[in-house]
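Here is a short tour to read alongside the viewer. Take a moment to turn the model around before you start.

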Amino acid sequence: MTPISQANSGVAPLPVADLTAKPRLVVTLGDAAGIGPEVVLRAVNQRLRQQAEITLIGDRTLCHQTYEQLRTIASAESTAELTDPDTLPFIDLAIGAEWNRAIQTGVGSAASGELSFRTLQTAISKTLAGEFDGIVTAPIAKSAWLAAGHRYPGQTELLAEMAEVARFGMLFVARSPHNGWALRTLLATTHIPLRTVADTLSSSLMTVKLELLIDCLKKDFGLRQPRIAIAGLNPHSGEQGQLGDEEKSWLLPWLIQQRQRFPQAQLDGPVPPDTLWVRPGQAWHGAHSAAHDAYLALYHDQGLIPVKLLAFDRAVNTTIGLPFIRTSPDHGTAFDIAGQGLADGTSMIAAIELAIELCRQRLANRH
Ligand SMILES: NC(=O)C1=CN([C@@H]2O[C@H](COP(=O)(O)OP(=O)(O)OC[C@H]3O[C@@H](n4cnc5c(N)ncnc54)[C@H](O)[C@@H]3O)[C@@H](O)[C@H]2O)C=CC1
Ligand SMILES: NCC(=O)COP(=O)(O)O
């Protein structure tokens, strides 16, 4: 139907977006030697396929082998969860019998790294070309990528590089099964050695991360007046310089400046890093009015230990700042349990659910 404002204007009508259209998601199988294929086959159930057009990408032969193997060993209840990959659209990146023979369940290798690298590369290219609205990635092993000659700290950096984005962030989102409260944790620094953290952190890096976070909370989660808690670096946030001076010398002055730049946001901190997680811990199980909308952690384990303690089975890693949606479960390749039918697909289900929610939100924002 022609929109009223354009009726008889003589101008070709703009296409009217179908806000009920299903998001088009491409789901990578990750490292074929790990639990990626298993959690994907557990996650892509009928319920999610009713909400999104889901396409798998990876080596089809290996995926089939995993499916058949799991059917023979898993319990009847666990087998019922598995989706036959033949029932889904599949982009087959067959890398050949020789490579496939080199991929051993439970062992990351150059061959498994090359396959998972090519898988993500192709998923990104196709998404940038407009074939998909978002990518959900199963876990890869960074060491397997390196063994295959691909030097990246993780999938995030390949996504950012191919999307030609310099400002991006690693945000973890976990919804409490008890009350629906969302724990959102952005990491200021990610995959770097602990000893380099203090020198890598700077007010300009923090400004980039805070801007990304505030923008994402508004656009993706509809939070226009977000309450954000920012972690300190040192024990007791430095105890006024006695236990480390980063808070006193630049973090607190930076925060005061940011409060002026973002008067609509409540920016608390630098919160002593141990007590920062008390309120989210309480909010996860009970009342959450005192908790913040998001937490800005300064380094990987400062943010991810609490996330994984509370929500290892359901937290989702999402890359913010990209021109498309990318989500991933919070767990890794779990080589120790690969091929045994023991992998829990809940975090992968949460990753697909969040991708659907974020795609819908982006579509709604555009119109
Ligand atoms: N998004 C990604 O691509 C991620 C990749 N990794 C990579 O994964 C590799 C292994 O990392 P780890 O630190 O060992 O962490 P991990 O998450 O793979 O495993 C930690 C422990 O949790 C268990 N576990 C993990 N996922 C599970 C699931 N879905 N169901 C049941 N048990 C599960 C494992 O058996 C293991 O005991 C590394 O190379 C790491 O870099 C780690 C996290 C995320
Ligand atoms: N600890 C998070 C993680 O390893 C995920 O990294 P990425 O592969 O999503 O960059």
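## Where the domains meet

In this predicted model, 12 residues of domain 1 are in contact with 11 residues of domain 2. On the domain 1 side, two elements each give two or more residues to the contact: helix H8 (155-162) and helix H14 (346-366). H14 gives the most, with 4 residues. By residue type, this side of domain 1 divides into 6 nonpolar, 5 polar and 1 charged.

If you want to colour the two parts, domain 1 takes in 19-165 + 322-367, while domain 2 covers 168-312. Their centres, taken over C-alpha atoms, are separated by 29 Å.

## Two ligand shells

Which residues are closest to ligand 1? They are Pro139, Ala141, His331, Gly332 and Asp344, out of 19 residues that surround this ligand. The shell around ligand 1 holds 8 nonpolar, 8 polar and 3 charged residues.

Ligand 2 has Gly154, Gln155, Thr156, Leu304, Asn317 and Ser328 around it. Here the shell divides into 1 nonpolar, 5 polar and no charged residues.

## Helix H10 and its buried side

Helix H10 is a good one to check with a ruler. It runs over residues 203-221, and at 1.5 Å a residue its 19 residues should span 27 Å; the end C-alpha atoms are 25 Å apart, so the two values agree.

Now look at which H10 residues are buried: Met206, Lys209, Leu210, Leu213, Ile214, Cys216, Leu217 and Asp220. These residues lie on the same side of H10, because they cover an arc of only 165° around the axis. The general background is handy here: an α-helix has 3.6 residues a turn, so residues three or four places apart point the same way. Just after H10 comes Gly222, with a positive phi of about 65°.

## A look at Lys308

Lys308 belongs to helix H13 (residues 300-311). Is Lys308 buried or partly exposed? Lys308 has 16 other C-beta atoms within 10 Å, so it counts as partly exposed; the buried class needs 20 or more.

Leaving aside residues up to four places away in sequence, Lys308 touches Ala315 and Asp330. You can also pick out Trp284, which is 24 residues from Lys308 along the chain; the C-alpha atoms of this pair are separated by 12 Å.

Methods
Residues are numbered from 1 along each chain as its sequence is written. Chains are lettered from A and ligands numbered from 1 in the order in which they are written. This is a predicted model: local features need pLDDT of at least 70, side-chain atom pairs count only at pLDDT 80 or more; totals for chains, interfaces and linings use all residues. Domain bounds come from an automatic or database domain assignment. Two residues are in contact if their C-beta atoms, placed from the backbone, lie within 7 Å. Ala, Val, Leu, Ile, Met, Phe, Trp, Tyr, Cys and Pro count as nonpolar, Asp, Glu, Lys and Arg as charged, and the others, Gly among them, as polar. A residue is near a molecule or strand if its C-beta atom, placed from the backbone, lies within 6 Å of it. The expected span of a helix is 1.5 Å times one less than its number of residues. A residue is buried if 20 or more other C-beta atoms lie within 10 Å of its own, exposed if 12 or fewer, and partly exposed in between; C-beta atoms are placed from the backbone. The arc is that of the directions from the helix axis to the C-beta atoms.
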